Amino acid sequence: MILPKNGSVIVIDDDPNQAMPIIDLLAKKGIATLYFKGSREEYIPEKQLDNVRLAIVDLQLIESTSDEHTISTILINVLKNIIAPNNGPYMLLIWSLKDYSLGEEFKKKINNPSHGIVPICIASLEKSECIIMKEPEWIEESANQVIDDIESQFDKDDLDVIKKSIISNFQEDVEYESKTDAFEKIENSLENELKEAGVFHLFVIWENLVRKAGYQTVNAISSTIEYSDLWEANMRDVLKRMAKARTGQNTLSDELFMKAALSILSGSFSEELEYAIRKLDFPDYIKLDSPFSIAKKLNYDTYQISVNIDSNSRLKGTLFKNNNKFNGLENIKLDDFSQKITLPDDNEEKQIFTSLAEVYSDIPSLINTKLHIELEPSEGHMPGNVYMIDVLEERKKKLLPTYFENIPDKISDFHFVELEVSPICDYAQNKWKKSRLISGLVFPVGTKTKSGPFYKGAPVVFINNKKYDIIFNYLLFKALDIPEAENRGKFWFRIKRELLQDMIVGLSYQVNRPGITAVF
């Protein structure tokens, strides 16, 4: 099994003597960890972590209590203070040196979605499986001396208990070491759970590949210069030459040169990552086949929708409750399910089907937004910027027939925009003389557009929690002086490179299309 190697493993334990053997063991395997000592405020990070993939947590962070509710509450609060709500999926390995059974109550409570830190899987392991006491000689000698004095008064089993009790009183002086098979025990414990949640492991593998591709890229470029006391000065020139090749300029600021050099590293990194993925052998237990399409637990019941495609390529969904098909919610078309369900509106299963179907239908738009739209861009004027153009209501009504056969009564959510389509290479090399733009619309999804010289290949996206389609008119292509373009104010969002390039290719075809003379 592959554990995270990108610094996303944390260990939480109130006893450093018990934590360090595992930290050292993981370090020997090349797995970096962050250690947090218990539940006190001074042991909690100043800022929550958003990249935890494995949390190894001592079940009993406070020795003075054995109450299940108290133990669970303390541990959940510690995890909430360390792991950010936007952390993403993570594994949880809980262990204890004492009462191992207390973990069952904690497992129930941590799986409550209200905490915002539900782990993707939970594994359990007794500490005694991984670490062993390494007592100082004087403790062993003292315990043996006491046992010798009382040996005649107790049987052997009682004497063993007494000896362990004597040694435990010197807890702070006791050292621990990891057992020879400790790493395998941890891996096996996690692997058994990961076989039930294999897709999470796919993300761990990808993050490990990203890390590897990163350092391979750095090593490849940095090793072009011999490592010596002159490496720093020589490498500055190498990076500057790379930046000049990227920008085509000899006289730019250091900041622009450094950004250009890092852009070249990013391109090399992408190639390294793609190569690593092509060579990858995946574990057998990672499967993408699922028994359902979308599911949710409510109280003690599991509701799920299984989606199929009919002969007309339309999606249809059927609701199951605890794996039993629910009558009245079978083969419902997902594009208009709200009108096709005959059950009363207050029917609980209808409401559950509707909420699950909406989540399922929204997933492509959410992913496409992440892939193709930058909603909070950090830079200023550059290709891909989308500017909202203020148009009065009456003017909108006159312009909208350019795009649509039928104009909806409510048009306040139809937004005229302009897209910056200047070549990316001109921007990168600081050679652009004019800002080149095409006009279009961002409008509510579902409105049917006309055919024409339009770009309609943009996927449905989410902006301000609403679904939108995007269309651009290739005939409305213009150029502005750059200062004039930059003075229009803050842009609305940015279209990322892959989608932007697709739009520019279509525009290039439209601009260069020669046309023919034909007699009919």
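Q: In which helix does Leu 159 lie?
A: Leu 159 lies in helix H5, which covers residues 156-168. Bear in mind that this is a predicted model.

Q: Why is Leu 159 called buried?
A: Its relative accessible area is 10%. The label applies under 20%, so Leu 159 counts as buried.

Q: What makes Ile 147, Ile 150, Glu 151 and Phe 154 contacts of Leu 159?
A: The test is heavy atoms within 4.5 Å. Once neighbours within four places in sequence are set aside, Leu 159 is in contact with Ile 147, Ile 150, Glu 151 and Phe 154.

Q: How far from Leu 159 is Glu 420, in sequence and in space?
A: The two are 261 residues apart in sequence, and their C-alpha atoms are 82 Å apart.

Q: How do you know whether the protein chain matches a compact globule or departs from one?
A: Set the radius of gyration against the rule. A compact globule of 520 residues would come out near 24 Å, but the protein chain has 31 Å, so by that rule it departs from the compact case. The C-alpha trace spans about 120 × 75 × 40 Å along its principal axes.

Q: How much of the protein chain counts as buried, and how much area does the protein chain expose?
A: Of the 520 residues, 39% count as buried. The exposed area is about 30400 Å², with carbon and sulfur atoms supplying 50% of it.

Q: What makes Asn 323 exposed?
A: Asn 323 has 58% relative accessibility. Exposed starts over 50%, so the label fits Asn 323. This residue sits in the loop between strand E10 (315-321) and strand E11 (324-325).

Q: What stands out about the phi of Asn 323?
A: Phi of Asn 323 is near 70°, a positive value in a residue other than glycine. Most residues other than glycine have a negative phi. Next door, Asn 322 in the turn of the E10 and E11 hairpin also has a positive phi, of about 55°.

Q: How do you know that E10 and E11 pair?
A: Pairing takes at least two bridges. E10 and E11 have 2, in the antiparallel sense, so they qualify. In this pair, Lys 321 stands opposite Asn 324 in E11.

Q: Which other strands does E10 pair with?
A: Strand E9 (residues 301-309) is joined to E10 by 7 bridges, running antiparallel, with Ser 306 and Thr 318 as bridge partners. The E9 and E10 hairpin has 5 residues between the strands, and Ser 313 there takes a positive phi near 60°. E10 is also joined to E12 by 2 antiparallel bridges, with Lys 316 opposite Lys 333 in E12.

Q: What makes E10 mostly covered?
A: The count does: 5 of its 7 residues are buried.

Q: Why is Ser 293 called partly exposed?
A: Ser 293 has a relative accessible area of 28%. The partly exposed class runs between the 20% and 50% limits, so that is where Ser 293 falls. Ser 293 lies in the loop between helix H9 (254-279) and strand E8 (294-298). Beyond its neighbours within four places in sequence, its contacts are Ile 305, Ser 306, Val 307 and Tyr 360.

Q: What makes Gly 328 partly exposed?
A: At 33% relative accessibility, Gly 328 is between the 20% and 50% cut-offs, so it gets that label. Gly 328 lies in the loop between E11 and strand E12 (332-333).

Q: How do you know that E16 pairs with E19?
A: There are 11 bridges joining strand E16 (residues 434-444) to strand E19 (residues 466-481), running antiparallel. The requirement is at least two, so the pair passes. Here Ile 438 stands opposite Phe 477 in E19.

Q: How many bridges join E17 and E18 to E19?
A: Strand E17 (residues 454-455) pairs with E19 over 2 antiparallel bridges, with Tyr 455 opposite Phe 472. Strand E18 (residues 461-463) is joined to E19 by 3, also antiparallel, and Ile 463 stands opposite Lys 466.

Q: Why is Asn 465 called exposed?
A: Its relative accessible area is 74%, and the label needs over 50%, so Asn 465 is exposed. Asn 465 is in the loop between E18 and E19, with a positive phi near 65°. In the same hairpin, Asn 464 takes a positive phi near 55°.

Technical notes:
Residues numbered from 1 in each chain as written. Predicted model: local features only at pLDDT ≥ 70, side-chain atom pairs only at ≥ 80, totals over all residues. Heavy atoms only, no water. Rg over C-alpha atoms; globule rule 2.2 N^0.38 Å. Buried < 20%, exposed > 50% of the residue type's maximum accessible area, 1.4 Å probe, protein only. Areas by Shrake-Rupley, 256 points an atom, 1.4 Å probe, with all protein chains shown as cover. Helix = DSSP H or I, 4+ residues; strand = E, 2+ residues; numbered from the N terminus.
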